[in-house]
Amino acid sequence: MFSDLRDKRILITGSTAGVGLAAAKAFAAQGARVGINGSRPADAMKTELAQLRETGAQVDYFQADLTQSAQCKQLVEAFVDRFGGLDVLVNNAGGLGGRQSLEQIDDAFYDRVMDLNARSALMTTRFALPWLRKSASDSGKTSAVISTGSIAAREGGGPGAGIYAASKAWLHDIHRNWVKEHTRDNIRFNVVAPGTIDTAFHADKPEEVRARIASTIAMGRFGRAEEVAPSFLFLASHACSGYITGQIIDVNGGQMAP
Ligand code: NAD
């Protein structure tokens, strides 16, 4: 079904664990060439890389802290140096960055959360644009940007996570602007918005909080990273979604925003 992903050059930010790593595995299984990224040194990813390469996939790791615009630029340059171009960018790097209520928020916290979730996607996309434009022009098909949004973008986030939720709403919204400005370049922009997925993201939650959250999900359980990954494949594949842009796919087991 996703056969046009074979040999496609896919850069996935924030893919050392969780949703990003599951997406990297799913793309690699389709025969895509995949760039993995995180802020940790390459040594920390040895095992995961070896496992991915066992399948015959062309996968490389690119260390970059995407809260820094200069590193967003370096990441795109390093990926293009390695793979000769870029067909699909997945902006997945992100996270809570801690919890602070409105009365505690200071500039440093605001900057940390916005840099991690908004600046990282904005600047990586900015530096990727010429390559995505070229990919679309060379192939005569669309190239794609897919960002990981969140259910929190619509429901405001949990306690202390207001800036995180707002940063994801920012991300959902700016995609619509990118559609207006860059559809002429044959680049598609879509968002995958997970609900509650069982990753390190929820490591700070005690069992009773997890149970309470699970009870708000129609399917009665947290999702798995592997259950989010296929939506990235769908939105990356021109054959599957060449006429889909500016959309948000909710992957949340029926968890409704209140
Ligand atoms: P995770 O903590 O397992 O993954 C976060 C990834 O981002 C890791 O690979 C980490 O290395 C990377 N990262 C963190 N800081 C970085 C930086 N400065 N530069 C580059 N990479 C960095 O958690 P996850 O749940 O897999 O989160 C992935 C994405 O999904 C995030 O954008 C998160 O906001 C979003 N999300 C998660 C959930 C959930 O319930 N787990 C729900 C909605 C949205």
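Me: Which residue forms a salt bridge with D43?

Reply: Happy to start there: this is a predicted model, in which local features need pLDDT of at least 70 and side-chain atom pairs count only at pLDDT 80 or more, while totals for chains, interfaces and linings use all residues. Residues are numbered from 1 along each chain as its sequence is written, and side-chain values use heavy atoms, with hydrogens and water left out. A salt bridge is a side-chain nitrogen of Lys or Arg within 4 Å of a carboxyl oxygen of Asp or Glu. With the closest N and O atoms 4.0 Å apart, the partner of D43 is K46.

Me: Is K46 buried or exposed?

Reply: Relative accessible area decides this: under 20% is buried, over 50% is exposed, and in between is partly exposed (1.4 Å probe, protein chains only). D43, the partner of K46, has 58% and is exposed. At 55% relative accessibility, K46 also counts as exposed.

Me: How many Å separate the closest N and O atoms of K73 and E77?

Reply: Both residues belong to helix α3 (residues 69-83), and because they are four residues apart, about one helical turn separates them. Helices are DSSP runs of H or I with at least four residues, strands are runs of E with at least two, and both are numbered from the N terminus. K73 is partly exposed at 37%, and E77 is partly exposed at 39%. Their salt bridge has its closest N and O atoms apart by 3.1 Å.

Me: Which residue forms a salt bridge with R221?

Reply: R221 is partly exposed, its relative accessible area being 36%. Its partner is partly exposed too, at 30% relative accessibility. The closest N and O atoms are 2.8 Å apart, and the partner is E227.

Me: How many salt bridges does the count come to?

Reply: Some of them share partners, and in this way R53, D60 and R82 are joined into one network. By the rule already given, the count of salt bridges comes to 14.

Me: Which strand is joined to β1 by four bridges?

Reply: Strands pair if DSSP finds at least two bridges between them. R9 of β1 has R33 as its bridge partner. The chain crosses from β1 through helix α1 (residues 18-29) in a right-handed β-α-β crossover; right-handed means that, with the strands pointing away from the viewer, the path from the first strand over the helix to the second runs clockwise. The strand (residues 33-38) runs parallel to β1, and its name is β2.

Me: Which residue in β4 stands opposite L11?

Reply: L11 shares one side of β1 with R9, while I10 and I12 are on the other, and all four are buried. Three bridges join β1 to β4, and the two strands run parallel. I10 stands opposite V88. L11 stands opposite L89.

Me: What is the bridge partner of V88 in β5?

Reply: V88 and V90 point one way from β4, L89 and N91 point the other way, and all are buried. Four bridges join β4 to the parallel strand β5 (residues 143-148). β4, helix α4 (residues 107-139) and β5 form a right-handed β-α-β unit. Within β5, V88 is partnered by A144.

Me: Which side chain makes a polar contact of 2.9 Å with the side chain of N91?

Reply: N91, in strand β4 (residues 88-91), counts as buried because its relative accessibility is 4%. A polar contact is a pair of N or O atoms within 3.5 Å; within protein, one must be able to donate a hydrogen and the other to accept it, and residues adjacent in sequence count only if both atoms are side-chain atoms. One such contact, of 3.1 Å, joins the side chains of N91 and S147. The contact of 2.9 Å is with T125.

Me: What is the phi of N186?

Reply: Most residues other than glycine have a negative phi. N186 lies in the loop between α6 (162-182) and β6 (187-194), and N186 is partly exposed at 40%. Although N186 is not a glycine, its phi is positive, at about 65°.
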